[in-house]
Amino acid sequence: MKKLIGLAIAIFFAVSIFAQTDSKALFKLPAVDIQNINGAPFSTKDIKNGGKPVIITFWATWCKPCIKEHDAINELYSDWVKETGVKMYSVSIDNARSSKQVLPLVNGKGWDFEVLLDPNGDFKRAMNVNVPPHTFILNGNGDIVWQHVGYLDGDEAQYIQIVKKVLKGEAIK
Amino acid sequence: MVIFGLLLKAPVLFSQDFLSEGKVTGNTQIDAQYYSEDDKLGITDSTLNYKKFGMNGFANLIYTNGNFSAGARFEGFLNPMLGFDTRFEGIGVPYWFTKYKTGTLEMTAGHFYEQFGSGLILRSWEEWTLGYDNNIYGFNAHFSPYKGVMLKGLVGVQRYFWEPYENSNRGIVRGLDGNFFLNEMFGSMTDSKTKIELGGSFVSKYEKVPEITYTKDSSYIEVTELGDTINWTNHKVYRLDLPYNVGSWAARANIARGGFNFYVEYAEKGNDPNATNSYIYKKGQAIYTTLSYSQKGLGIFLASKWIDNMSYKSKFSESGNPPMLDINYLPAISKEHQYSLATLYPYATQPNGEFGLQGQVIYTIPKNTALGGKYGTTLSVNYSLAKSIEKDTIISSITGTQAGTDGYETSFFSIGNLTFFQDINILLEKKINSSFKFKAAFYSQEYNQHVIEDEIFDDKHIVKAKIGVLDLTYKLDAKNSLRMELQGLWTEEDDGNWAAAMLEYNISPKWFFGVQDEFNYGNPNDDKQVHYYNFTFGFNQESNRISLRYGRQRDGLLCVGGVCRYVPASTGLTLTITSSF
C-alpha cells in the first residue's frame with residue numbers, strides 16, 4: 001500500500017510537470033489562512049497592492065540576518081514606496097513562544113511594512129521556505145516572479161532593482 | 001485506497017485543462033557531513049561507530065491547481081548525522097497530503113500539521129534542523145459556516161520515526177477547535193476599535209493500554225488455640241487502572257485595542273498516567289498569557305505561564321529524547337537569542353510543572369536627537385524567569401512511589417522556591433554612518449543544569465554566566481561588507497570561560513566567506529581547552545544556497561522554539577545545499 005501510494009504520487013508529479021506551460025511566473029501565491037499582526041484571521045489571498053509589485057519576506061525574531069534585512073529595508077522603504085509603489089509583507093514564522101512578541105518588536109523598531117504571523121508554518125510550507133530569510137517578489141497579478149534565500153548586506157539593492165524591472169515589464173534574468 | 005485512486009486518476013482523467021493550469025513547486029535541502037578523527041575531542045572511528053559520513057536530506061513537492069493541492073516530502077537519513085537518533089536511519093515518504101477546498105470547507109487527507117490556539121493541547125509541526133516531526137496522518141477539516149467563524153476537526157495518528165501505524169502500536173488523536181472573531185461575526189462590532197477573538201478546543205486520545213500490576217506481600221503470624229504458629233502471607237496484586245481515553249480542553253481570548261494586545265489561554269487535561277509524569281493520576285493544568293503595548297518607537301511585552309503535569313503524548317509509555325508523539329506544545333518563556341554564546345545555556349520547558357515570566361521593552365531613540373544620532377538607536381531590555389511550582393508529594397504505600405496516586409498537591413499559580421532559569425539581557429543597536437553600524441549586548445544568565453539536563457530537582461548545580469557580545473558591520477561599498485562578532489562568556493561553573501571571534505566577508509548578493517573560533521580557554525580541565533574553529537564558504541544564487549564548512553562543532557543543545565536536541569562534538573566537513581522552485 002505504501003509503495004503504491006509512493007508510486008501514485010511519483011506518476012502524478014511526473015505527468016503534471018510535463019504538462020506545465022511556460023510562463024514567466026514561477027507560481028501563483030497560495031491561499032493560506034494565517035494571522036495579521038494582532039492575531040486576527042488573515043488569508044494570504046488578500047496580499048494585494050492594487051496591481052503594483054509586492055515583496056514578501058519570511059523572518060523570525062530569533063533570526064539574525066532577518067533582523068538585519070528588515071532594518072536595512074526599513075531605512076529605504078519610504079523611498080521605495082514613493083518611487084515604485086511597492087508594498088512589503090513581512091511574514092513572521094515565530095511560533096507560540098515568540099509570535100506575541102512580534103507586534104511590540106515591529107513597533108518598537110518602527111518598521112513600516114505590513115507584518116503577518118504564521119505561527120505554525122502553514123504559509124511557510126506552502127511557499128517552500130526552508131529557512132528564513134527567504135524573500136519573494138510578486139508582479140501586479142500576484143504571481144511570484146523571483147525569489148531569494150538568505151541575506152547579505154546590500155541585497156536590498158537587488159530587491160528594488162527587480163521590482164523596477166517588474167514594473168517596466170522587463171525580463172528579470 | 002480512495003485517495004490512491006484519486007491521485008492516480010486525477011492526472012489522467014482531468015486531462016489538459018486540469019494540468020495546464022496546475023503548478024508544481026518544491027524545495028529541497030541536503031546536509032552532508034564527513035567526520036574526521038580528532039584526538040583533542042576524543043573522536044575516533046570507533047566512537048563514530050565507523051559512520052564516517054552522515055546525510056540528512058529532504059525533497060518536498062507541492063502540486064497546486066486552483067482549489068486542489070497535493071504534496072509529498074521524501075526524506076533520507078543515510079546515516080543520520082551525529083546528534084540525530086539512529087532510529088531515523090532510512091529513506092521514504094513520511095509525509096504526503098491531498099487537499100481540496102469547496103466553498104468554505106477545506107478537507108485534507110493524508111499527513112498534516114495543525115495548531116489549536118497557542119498549542120497548549122494540540123500542535124503538530126516540524127522543524128528540520130531539530131529532526132522534529134509530529135505530523136498527524138488522517139483527516140483534517142476546516143469549515144467556516146459564517147464569516148468570522150472557523151471550525152476545525154481532525155482524526156489521525158502521529159509519526160513515530162519510520163514505524164507504520166498498526167495493531168494499536170500508538171494512540172489515535174481526535175480534536176475539535178472553534179475560533180470566533182466577534183468583529184466579523186456581528187455587524188455592530190465591525191467598526192469597533194476593540195477587536196475580540198474567542199476560541200475553544202477539545203482533544204482526546206484513545207490508546208489500547210496494557211496491564212501494569214504491582215504486587216505487595218504482607219505477612220503475619222497466627223498462634224492457634226493448640227499453640228501452633230501459622231505464618232500467613234497476604235499476597236495482593238494491584239493493577240493500575242490506565243485510561244483508554246485521555247481528554248483535554250482549552251479556552252482562549254485575544255483582545256486588541258489601540259496599542260494594547262492581550263492574549264490568554266487556559267487548558268486542562270484529564271488523568272493521564274504516563275512515563276513523563278511517573279504514572280500519576282492528577283489532572284494537568286496550564287495557563288499562558290501575554291500582554292503588549294506598543295506604538296511607533298516603543299514596544300512593551302509581558303508574558304506569564306504556569307503549567308502542571310501537561311506532557312501529552314499519543315503513547316503513554318513514550319518519554320525522553322528525541323521528543324516524539326507530542327500532541328501538545330508548551331512554549332518556553334525565555335527569549336531565543338541570536339548569538340552563539342548566549343545560547344550555550346538554553347532553557348527548555350519542564351512539562352511536569354513550571355512557572356514562567358517574561359518582560360521586554362524595545363525603544364528606538366528617534367533620529368536626529370542627541371542620543372539617537374542621525375539614524376536612531378534601538379535599545380532592548382529583556383528579563384525572563386522560570387521557577388518550580390509548589391508540590392506536596394504523595395507517596396503510594398503500594399507502589400512505593402508516586403505511581404498510582406495523584407502524585408502531589410499543588411494550588412493553581414503557586415510558585416515554588418527552585419529557580420530553573422533566569423536571564424536578564426540588554427541589546428543596543430546603532431548605526432554610526434552609512435558604512436558602519438554595530439550591536440552590543442550583555443546577558444546575565446542563571447541556568448539550573450541539574451533540572452534542565454538531568455531532571456534532578458535541586459539547586460546543587462546552577463551555572464551563573466555573564467555574556468558580552470559586540471557585532472560590527474562595515475560596508476566597504478554597495479556590495480562588499482565585512483562583519484565581525486566578538487563574544488565572551490564568563491562563568492565559574494561547568495566548562496568555565498569562553499571567548500569567540502568571527503569574521504565574515506560578504507559580496508552581495510552571492511558570496512560569503514567566514515572564519516570563526518570559539519575557545520573554551522577557561523575549562524578547568526586543561527585537555528578540554530579546545531579551539532572550536534570553523535571555515536565557512538557560501539554561495540547564494542536566487543533561491544539556491546550552497547555552503548561548505550570545515551571545522552569543529554562543540555557539543556551542546558541545539559534549540560528551536562523551545563525544543564532542544566543534543567548535538568555531540570564533531571570535526572569534519574559539512575556541505576549544505578538548499579533550493580526552492
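Trainee: What covers the buried residues of α2(A)?
Mentor: This is a predicted model, and in it the cover over the buried residues of α2(A) includes β4 (54-59), β5 (87-92) and α5 (155-168) of chain A.

Trainee: And which residues of α2(A) are the buried ones?
Mentor: They are C66(A), I67(A), K68(A), E69(A), H70(A), I73(A), Y77(A) and W80(A), so you will find lysine and glutamate in that list, each counted as buried because 20 or more other C-beta atoms lie within 10 Å of its own.

Trainee: How far does α2(A) reach, end to end?
Mentor: Helix α2 of chain A, residues 64-84, has 21 residues and reaches 28 Å from its first C-alpha to its last, which is close to the 30 Å expected at 1.5 Å a residue.

Trainee: Where is the kink in α2(A) centred?
Mentor: The kink in α2(A) is centred on L76(A) and amounts to about 50 degrees, while at the far end the helix is followed by G85(A), whose phi is positive, near 75 degrees.

Trainee: Switching to α5(A), which residues are buried there?
Mentor: In α5(A) the buried residues are D155(A), E156(A), Y159(A), I160(A), V163(A) and V166(A), and because they cover an arc of only 145 degrees around the axis, they lie on the same side of α5(A).

Trainee: What do they pack against?
Mentor: The buried residues of α5(A) pack against β4, α2, β7 (134-138) and β8 (143-149) of chain A.

Trainee: Which residues are exposed on the other side of α5(A)?
Mentor: Q161(A) and K168(A) are exposed there, and just after α5(A) comes G169(A), which takes a positive phi of about 75 degrees.

Key:
Residues numbered from 1 in each chain as written. Chains lettered and ligands numbered in written order. Predicted model: local features only at pLDDT ≥ 70, side-chain atom pairs only at ≥ 80, totals over all residues. Helix = DSSP H or I, 4+ residues; strand = E, 2+ residues; numbered from the N terminus. Expected span 1.5 Å × (residues − 1). Bend = angle between axes of the 7 residues up to and from the residue. Buried ≥ 20, exposed ≤ 12 C-beta atoms within 10 Å, placed from the backbone. Contact = placed C-beta atoms within 7 Å. Arc of directions from axis to C-beta.
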